[in-house]
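I set out to record how the interior of this chain is assembled. The entries below follow the order in which I looked things up.

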Amino acid sequence: MSGSRTGPPAAPHAGPPAGSLTSPEDRWFTRRQVTAFVTALALAAALGTAAYQAGERLAGTAGGAVVTAATGTVPDGGALYAGNCAGCHGADAGGALGPALSAPAGWSAAGFTQAVLHGRTPDGRTLSAVMPRFDAAGMDGSAPTQAQLNAIQAYLNTRP
């Protein structure tokens, strides 16, 4: 009798003990929730990229201005403005996300420097928190020089 068993018949397989397998309700996130989260991340990345590119178009640049401060060279205020300011204040300084820059052009050099570096107008008013404090944010990877700030202000003075 090879292949035959003796004894009571085997009970049907009952599976693992209760509680050892997790049901879909016991998981942290359902497949639908994970899919929705990944979709939201992809959408946020696409919107962020589009907003960045729109800022470049407003600034009239295709990747920012790279301006080096070589000794004896006068910085290009228009290029500095396009790379650091136009994305918010508009290509023509007439305002966009940030306000128009007609009044700051007429400020003293010290007042303009204080506004750009520290976010305070000459009369002591604090500028919006959205305005970068360029003493900390920098231009071209380093703190702006007075020559660069003067060049931006001179450029603004050429605008109507």
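I looked first for the largest nonpolar core and found 16 residues in it. I took such a core to be a set of buried Ala, Val, Leu, Ile, Met, Phe, Trp, Tyr and Cys residues joined through side-chain atoms within 4.5 Å, with buried meaning under 20% relative accessible area for a 1.4 Å probe and protein chains only. Tyr81, Val116, Met139, Ile152 and Leu156 have the most contacts inside this core. Helix 7 gives the most to the core, with five residues.

I note that this is a predicted model, in which local features need pLDDT of at least 70, side-chain atom pairs count only at pLDDT 80 or more, and totals for chains, interfaces and linings use all residues. Residues are numbered from 1 along each chain as its sequence is written, and side-chain values use heavy atoms, without hydrogens and water.

I next examined helix 5 (residues 109–118) against helix 7 (residues 146–158): they pack at an angle of about 105 degrees, with axes 10 Å apart. Helix 5 is therefore roughly perpendicular to helix 7, a label that covers 65 to 115 degrees. The residues of this contact (heavy atoms within 4.5 Å) comprise seven nonpolar, four polar and no charged.

I then searched for aromatic pairs, meaning rings with centres within 6.5 Å, and the count came to one. The rings of Tyr81 and Tyr155 have centres 5.4 Å apart and planes at 35 degrees, so I recorded the pair as tilted, the class left between stacked (under 30 degrees) and edge-to-face (over 60). Tyr81 lies in helix 2 (residues 77–84) and Tyr155 in helix 7, 74 residues apart. Both Tyr81 and Tyr155 are buried.

Notes:
Axes fitted to C-alpha atoms, helices over the stretch in contact; angles between N-to-C directions. Helix = DSSP H or I, 4+ residues; strand = E, 2+ residues; numbered from the N terminus. Parallel < 35°, antiparallel > 145°, perpendicular 65-115°, else oblique. Nonpolar A, V, L, I, M, F, W, Y, C, P; charged D, E, K, R; others polar. Phe/Tyr/Trp six-rings, centres within 6.5 Å; stacked < 30°, edge-to-face > 60°. Buried < 20%, exposed > 50% of the residue type's maximum accessible area, 1.4 Å probe, protein only.
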